[in-house]
Amino acid sequence: MIKKLLLFLAVITFAASSFAAAKNSIQVKGSDTMVNLGQAWAEKYMETNPGDFVAVTGGGSGTGFSSLISGTCDIAMSSRNIKEKEMALAKGKGINPNEIKVALDGLAVVVNPKNPVSKLTTAQLAGIFTGRIKNWKELGGNDGRIVLLSREVNSGTHVYFKEHVLRENNPNSREEFSPAALMLSSSQAIADEVAGNPDAIGYYGMGYISNKQKPVMVAGDEKSEYEAPTIENVISGKYPISRPLFIYTNGQPQGLVKKFVDFCLSKEGQEIVLATDFVPIEK
Amino acid sequence: MRKLKEFIVEKLILICGIASIFFVVLIFLFLLKEGLALFKFVKPLEFLFGKSWYPISEPPQLGILPLILGSLLVTLGAAVISIPIGVGCAIYIAEIAPARSKEVLKAGIELLAAIPSVVLGFIGMVTLVPLIKNLFHLPTGLTALSGSVMLAFMAMPTIVSIAEDALYSVPKSYKEGAFALGATHWQTIRRVLLPAASSGILAAVMLGIGRVIGETMAVMMITGNAAVIPQSILAPVRTLTATIAAEMGEAVVGSEHYFALFAIGIVLFIISFAINVTADLCLHKKR
């Protein structure tokens, strides 16, 4: 019995010491949109810096901020700016969120490839997602009720789409997603549903487009050109729905965190941005 | 020495007994503390009967009527599917099945209870959802009905095993008496066994429903989560449980949204408490 107990204690101390040894590790958490990018950065970084360990998890931009505030991650990835409430909460806990812009993302609006509609203005998109336009017929498509797909409210993409498309950048607007919109928990779930449903329309970061979905060409208003969500169009600013992607650190990055952030902003890091279908920031 | 040992064991068991009650009370107090804070911002009636759920807007709209109706609709659907099948299965196992198939059936049903709900949800997503979409020519298969069917699978093991126990514990003499009077097997089951076991069967049904209303993962994956008052069982719904699970990660601690999620927890707690008490009353009536 005592022997067993001793063995058990030995195992515990060993496990604890190996955790303590893992001091050169960083926890990165947040935006689902950025998980693939974060993962690619982490892999490349660990390749060039063996011995350092970077763990990347998703969960949504809000999840990232609450982890940063509660001190369970070192870097929060976010597809939106930090909210005032979150800032106040962080300050209250002695955390000082520091914003670093790391990439740009074009938001693609996607439909099923069988859907004949391929061009929409942002005003039409607002009409569709608020529920004023209910049938594809009204947009020159087939007769069929539009099935709205949205991300859950913990998604930065949801918030961005609401503020910049539904409310057309007007902070006083009271527009909301139609209550009939289906709330799916990941970009992949939206991609799958659009691929299988000819009446569905959804939105997500450009990186998730595959040949099973058709990205719609979007114009800012009726007079402007309809543009496809491509990297060139996002860099030139022609594509109307694009947003910056951020990482947040506690105070100015230091030590290992600084090393990782510098890597993300380096030429090599920005090449990874391009390789994961996001848009590099200008240097 | 022996007495001392006896004493220690007795006290240990007492502590275990008290601990479980203590934890329930603590959890309930925590829920109340966090949930009731909401009513500084929103009137209780507006919360319960408000028709819009837009928790992250400024100002937030926190009406949970669509969520309550969503939960009730999915539960009702699951009850309609699982009660007849579950009770029928219990009768077959308790009365009709030969000893051998009885063992196999019981083992199978216990296995059904062991499938994690996320797995059922996933299976539902890839098989049931497209099936329902094509069957009813719907714009989407992510509907209350899909949730009901999947939840029925989850309620069935509870209903079958408790109802079977109830039927089995009906005294043998009742059955023999009925046979002696010349009743057929079916007449005996319908007129003697079912009424005699009715309170146990009712308890089985209540406990099954209790399991359904608290289920989260599977419904979140296959009901579409649209916070709209459901017009039919073929429309998407958002349940109370899925709302808490989907939004807790985002809610800023100390915000109205955060308190609202706890208030939803209270509503859920009250609903399942009521169901469990009813089930308990049914069981005790029997004795």
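Start where the two chains meet: 23 residues of chain A are in contact with 24 residues of chain B. Contact here puts two C-beta atoms, placed from the backbone, within 7 Å. This is a predicted model, in which local features need pLDDT of at least 70 and side-chain atom pairs count only at pLDDT 80 or more, while totals for chains, interfaces and linings use all residues. Residues are numbered from 1 along each chain as its sequence is written, and chains are lettered from A and ligands numbered from 1 in the order in which they are written.

Now select helix H3 (61-70), helix H4 (84-92) and strand E7 (182-184) of chain A. Each supplies at least two residues of the side of chain A that touches chain B. H4(A) gives the largest share, 3 residues. Helices (H or I, at least four residues) and strands (E, at least two) are DSSP runs, numbered from the N terminus.

Colour that side of chain A by residue class. You get 8 nonpolar, 9 polar and 6 charged residues. Ala, Val, Leu, Ile, Met, Phe, Trp, Tyr, Cys and Pro count as nonpolar, Asp, Glu, Lys and Arg as charged, and the others, Gly among them, as polar.

Next, show chain B alone. Its secondary structure comes to 12 helices and 2 strands. Its C-alpha trace spans about 75 × 70 × 30 Å along the principal axes.

Split chain B into domain 1 (2-40) and domain 2 (44-286); the bounds come from an automatic or database domain assignment. Their centres, taken over C-alpha atoms, are 28 Å apart. Finish at their shared boundary: 8 residues of domain 1 of chain B are in contact with 10 of domain 2. The domain 1 side divides into 6 nonpolar, 1 polar and 1 charged.
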